[in-house]
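Trainee: Could we go through this one together? I'd like to know what stands behind each label.

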Amino acid sequence: MTMTVIQSFITVGIVIAGTVFTRFIAYIAFPEGKKIPPFILYLGKVLGPAVFGLLVVYCFRNTDLLTPFSEGGTHGIPELAGLLVTCGTFWKSRSMMLAMALGTAAYMVLLQAVF
């Protein structure tokens, strides 16, 4: 099913409006002079590590780490290597962004070039 030109413009307009709304809602809800509620400060502290943990669980959801060489496959080796690179980088640098970037790079190199 294809959209007409008018439907396309309406769709793009709605997407733009939704994006602008979500970008500015924080400035509307928490103006510069207003005190930020303690619950929002708490969420700011815990959501980063929680999302990071969720990503780890998501990455390993279909991986059989107990039998990495079963049936001639490499199940879990790139994932485990990426996890070790990520943990090691974070442990040394305390930079979550650098750790995620290097862990992802290690995983992708192993997945695409080696295995």
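Mentor: Sure, let's take the labels one by one.

Mentor: This is a predicted model, where local features need pLDDT of at least 70, side-chain atom pairs count only at pLDDT 80 or more, and totals for chains, interfaces and linings use all residues. Residues are numbered from 1 along each chain as its sequence is written, and side-chain values use heavy atoms, with hydrogens and water left out.

Trainee: How many helices and strands does the chain have?

Mentor: Four helices and zero strands, in the order α-α-α-α along the sequence. Helices (H or I, at least four residues) and strands (E, at least two) are DSSP runs, numbered from the N terminus.

Trainee: What makes Tyr 27 exposed, and what is Phe 24 called?

Mentor: Exposed means over 50% relative accessible area, buried under 20%, and partly exposed in between (1.4 Å probe, protein chains only). Tyr 27 has 60%, so Tyr 27 is exposed. Phe 24 has 48%, so Phe 24 is partly exposed. Of the 115 residues of the chain, 10% count as buried.

Trainee: Why are Phe 24 and Tyr 27 called an aromatic pair, and why a tilted one?

Mentor: Rings of Phe, Tyr and Trp (its six-membered ring) pair if their centres lie within 6.5 Å; planes under 30 degrees apart count as stacked, over 60 as edge-to-face and the rest as tilted. Here the centres are 6.4 Å apart and the planes 50° apart, so the definition gives a pair, and a tilted one. Both residues lie in helix α1 (residues 5-29), three residues apart, about one turn of the helix. The structure holds two aromatic pairs.

Trainee: How do you know that the span of α4 agrees with its number of residues?

Mentor: The expected span is 1.5 Å times one less than the number of residues. For the 19 residues of α4 that gives 27 Å, and the end C-alpha atoms are 26 Å apart, which agrees.

Trainee: Which residues of α4 are buried, and how do you know that they line one face?

Mentor: They are Ala 99, Gly 103 and Ala 106. Seen down the axis of α4, they fall within an arc of 60°, so they line one face of the helix; the arc is that of the directions from the helix axis to the C-beta atoms. The face turned away from that buried side carries the exposed residues Met 97, Val 109, Gln 112 and Ala 113.

Trainee: What makes Arg 94 stand out in its phi?

Mentor: Most residues other than glycine have a negative phi. Arg 94 is not a glycine, yet its phi is positive, about 60°. Arg 94 is in the loop between α3 and α4, and at 56% relative accessibility Arg 94 counts as exposed.

Trainee: What is the make-up of the lining of the largest pocket, by class?

Mentor: Eleven nonpolar, four polar and one charged residues. Ala, Val, Leu, Ile, Met, Phe, Trp, Tyr, Cys and Pro count as nonpolar, Asp, Glu, Lys and Arg as charged, and the others, Gly among them, as polar. The lining has 16 residues, and Val 56, Cys 59, Gly 82, Thr 86 and Thr 104 lie nearest the pocket's centre. Six residues, the largest share, come from α3.

Trainee: And what is Val 56 called, buried or partly exposed?

Mentor: Val 56 has 30% relative accessibility, so Val 56 counts as partly exposed. Val 56 sits in helix α2.

Key: On a 1 Å grid over the protein atoms alone, a cavity is a set of points where a 1.4 Å probe fits but cannot get out, and a pocket is an open set with protein on both sides within 12 Å along at least five of seven lines; lining residues have an atom within 4 Å of a point.
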